Amino acid sequence: MEFLNGFVALSNFVLVPAIAYGSQLALGALGVTLIYGILRFSNFAHGDTMAFGAMVTVLVTWAMQSIGISFGPLPTALLALPFGIAGAVLMVLMTDKMVYKFYREKKSKPVILVIVSMGVMFMMNGIVRVIIGPNEQQFRDGERFLIKAREFKNMTGLDEGLAIKSTQAITVVTAAIAVALLFWFLNKTRTGKSMRAYSDNEDLALLSGINPERVVAVTWIIVAALATIAGVLYGLDKSFKPFTYFQLLLPIFASAIVGGLGNPLGAIAGGFVVAFSEVMITYAWKKVLGYWLPDTLEPSGLVQLLSTDYKFAVSFMILIVVLLFRPTGLFKGKAY
Amino acid sequence: MKKLLTATAASALLAASAVAAEDVKIGVILGFTGPLESITPMMAAGAEMAMAEVTASGKLLDGSTVTPVRADSTCIDAAAATAAAERLITSDNVNAIMGADCSGVTGAILQNVARANGVVMVSPSATSPALSTAEDDGLFFRTAPSDARQGVVMTDVIMERGIKTVALTYTNNDYGKGLADSFQAAFEAAGGTVTISAAHEDGKADYSAEVGALASAGGEVLVVAGYTDQGGKGIIQASLDTGAFDTFVLPDGMVGQELVDTIGSDLDGSFGQYPGTDSKGSEVFQGLAAAAGFDGTSAFAPESYDAAALIMLAMQAAGSTNSADFAGKIMDLANAPGEPILPGELGKALDLIAAGQDIDYVGATAVELIGPGESAGNYREIEIGGGAINTVRFR
């Protein structure tokens, strides 16, 4: 019983939130890693691409809500998601044509493209704030919980409650579907294979007749879709506020680098590593240890390694450790 | 031309009749420029309304008139505020100072000018706990409560419900930290236990990590010293989502209908307090202010009226406009026993004092001065129920 109570407390405050957060980071990191693998630069505008896609979704959701369309117990935002993806795709294809293409044709160095992406980041950041404003926006509807903490307590008779928000479940399911589709696309379709070929060896790919502009366009479309899904899931599960996506950039990059830049599998693993580290290092273990340890060893302090204020510092620490000891990441990524 | 002549003649007559009495000058030093410039005009209007009322009654010290002299405290620049106060005393010869507004400049003026020249200072709005212990030679008073006071009131509210252990989270700024510290000190002094005191940052998307730490520390209720539209709301939402806490204690920054509307019925049973009074004085004051053409509900305008009124009543009680004589009278006048005095009754109060009777100045904010001459403050204890903020009582 003691053990179960401890485990439920752990699930409630660590496992469930970390899995949901990890899925959101993994989707974000996948986008970063694809750009890095195929277009060969770190896209700093990724966080704001997420914000832009999420913003379009929010606007469409509001429109749907106002004319009475709903998705039953599921959030209406899922119905609006395809529109959000379309909006984000248009946006990134436009920026590619107007900005990145110029530098690609000049064969600029990756570092120049990184700086260019920062410019794009500030532009998108501004556009999103001009359109929807800098404040928090509410667009969630539908059923809020799968299991409520109090119901769980009554059901099981345990002292600790376990709450699973429907948005957390939706996040995990949607992320799993998106990742499965992505891997199927990369491994089984012709376009996916040409993308991988282009990523492995650009010159050889060009020689074998792959159209580079097409590969680039498809990459942007996939990245925009992933970014929008990640952004909407994050907004649904937490809250939508343009600035938070900018802040997400750090953990997303940490995830991509930890997993190995350019390696899609690594991005997913990295997302979960970063999410679990962030949550576990800033969690106060007093309650869980109180259940698990014998009374004589029960801690009197909070057993919190780092105050929650330093959550983002965890991403930095992981980044530094990985770059020092395993620069190519857990799964072999590219290191230019 | 004729009109002008009459006016000149009239004012000459007035001036002549005032020669026998005195022209009392009171400095009104507020931040007319700077961060508080939006509310200081109403504060000054409140103070000047009290002075006009006393002048019109003609009962202060055998028909003395009271003239306000404005000066700019800037709210943030201690050097500029000190220079302005210096000018009030040395070149305008004010008998007392109504001000200053912000705690920092108030402390600077008190130490550098008021004490050096022995002039009484009554601040309507400085709320820093540090001013309670500042050296003041008995010259400094304030009609606003110290921030530390809310910590004590909140302790009473919680203790009276039989709650002994609480978790505490505060927004990471001067307001949150100050309130959290004063509450923790008061609560622990009263025999309660604060299991954790953790800061939260405003404007984040997700507070589940913060709530995880709070839940781990435990406590019967969670005290949230934050803002309704910021981290405070996020903390409450995340606590309810994870079942970490069911009941929340809400200090002034957290009491708002918007919070009740967004969170819904889960917030029922949570309680708290914010500054407020049911005294008739505030109603009367608002009526007077409306008649005088300014907004009486503006923050600290009633406190300013009371600050100015107390200065003038104390002069009457001491029979002198010299700070050294009347400084000691302020506390007596503000507190019971005696005839309660509401705004607009200053003339009556002056009569009573002249007749040697006790008065209890209630004023616009139900002033009660405690400790080193600061307002005890009046708080409205509230409880959330049925989607509304219900008043339990006033304390």
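Three exercises on this predicted model follow, each with a worked solution.

Residues are numbered from 1 along each chain as written, and chains are lettered from A in the order written. In this predicted model, local features need pLDDT of at least 70, side-chain atom pairs count only at pLDDT 80 or more, and totals for chains, interfaces and linings use all residues.

**Exercise 1.** Describe how H2(B) packs on H14(B).

Solution. Take helix H2 (residues 40-57) and helix H14 (residues 346-354), both of chain B. Their axes lie 9 Å apart, at an angle of about 60°. H2(B) is therefore oblique to H14(B) (angles under 35 degrees are roughly parallel, over 145 roughly antiparallel, 65 to 115 roughly perpendicular, the rest oblique). The crossing is right-handed. Next, list the contacts (C-beta atoms, placed from the backbone, within 7 Å). B:Ala50, B:Glu53, B:Val54 and B:Ser57 of H2(B) meet B:Leu346, B:Gly347 and B:Leu350 of H14(B). By class, that contact has four nonpolar, two polar and one charged residues.

**Exercise 2.** Is A:Ser117 buried or exposed? Place it and find its partners.

Solution. A:Ser117 sits in helix H4 (residues 110-132) of chain A. It has 22 C-beta neighbours inside 10 Å, so it counts as buried (20 or more is buried, 12 or fewer exposed, in between partly exposed). Leaving out residues up to four places away in sequence, A:Ser117 touches A:Phe41, A:Asn43, A:Phe44 and A:Ala45. A:Ala45 is 72 residues away in sequence, yet 5.6 Å away C-alpha to C-alpha.

**Exercise 3.** How many residues does each chain give to the contact of chain A with chain B?

Solution. Chain A gives 24 residues and chain B gives 18. On the chain A side, the largest share, three residues, comes from H1(A).

Terms used: Axes fitted to C-alpha atoms, helices over the stretch in contact; angles between N-to-C directions. Helix = DSSP H or I, 4+ residues; strand = E, 2+ residues; numbered from the N terminus. Left-handed = near helix turned anticlockwise from the far one by under 90°. Contact = placed C-beta atoms within 7 Å. Nonpolar A, V, L, I, M, F, W, Y, C, P; charged D, E, K, R; others polar.
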